[in-house]
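Me: Please take me through how the parts of this protein chain fit together, with the cut-offs behind each term.

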Amino acid sequence: MRKSPEERRADVHGAARSIALESGLSAVTQRAVAERAGVAPGLVTHYADRMELLVAEVFRDIVQEELESVRSAVEAVEGDDVERVIALLHGLIRDYRRDVALVWLDGWSLSRRNEELAATLVDQARAWEDFVAAVFERGDASGAFRAPDPLALARFVIGATDGLSAQATVWAGHEEETVRYVTRTVAGLLGIPTSALARTAY
């Protein structure tokens, strides 16, 4: 049965997404997407308009899904704000987010030559900063810990965990020890006592 244009468009987008998660955005080429979707190379740009736009859309969908996954995990915590911070850190470091980390790495690199991707990347990076800063701002307001500059701290934490994730795309080791060290470091910056950390499963 002949597929509709909407179905073909979904096939192309799905193929590009799976390639990005497996091998990074740089592997999302017209030929690779066509082969994965089972269509002629010329049909990829017919259904995706332009490859630059397809890459930007795939990047947006992947990183938005990652953000919503971490947000859901943090909001599901029924304990206090300290436990939400721990959940946040686990979400940022779990398995070093290897597949999505590679998508981010390629995103930063490819955005120099892809205006759509550059604009999308900035929007998504800001969304991450706003979310993490809100977690810290909430804890500061409740008196659970100190976070006088939530946005600056959010940028520090995201930068540190992104660096670990970037490294892990090639090499990673001592995952459990690294999670514990990062958690203790952030807890120290927030003024969270060790006794409070002992209540959490980190």
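Reply: The questions below concern the domains and one helix pair.
The model is predicted, so that local features need pLDDT of at least 70 and side-chain atom pairs count only at pLDDT 80 or more, while totals for chains, interfaces and linings use all residues. Residues are numbered from 1 along each chain as its sequence is written, and side-chain values use heavy atoms, with hydrogens and water left out.

Me: What area is buried between domain 1 and domain 2?
Reply: An automatic or database domain assignment gives the bounds, with domain 1 at 1-49 and domain 2 at 56-198. Buried area is the accessible area (1.4 Å probe) that two parts lose on being put together, summed over both. Carbon and sulfur atoms give 67% of the area between these two domains, which is about 980 Å².

Me: Which residue forms a salt bridge with Arg-17?
Reply: A salt bridge requires a side-chain nitrogen of Lys or Arg within 4 Å of a carboxyl oxygen of Asp or Glu, and the rule finds one across the interface of domain 1 and domain 2. With the closest N and O atoms 2.8 Å apart, the partner of Arg-17 is Glu-65.

Me: Which residues of domain 1 lose the most area to domain 2?
Reply: Together they account for 59% of what the domain 1 side buries, and they are Arg-17, Leu-21 and Leu-25.
The centres of the two domains, taken over C-alpha atoms, are separated by 30 Å; to the contact (heavy atoms within 4.5 Å), domain 2 gives 14 residues and domain 1 gives nine residues.
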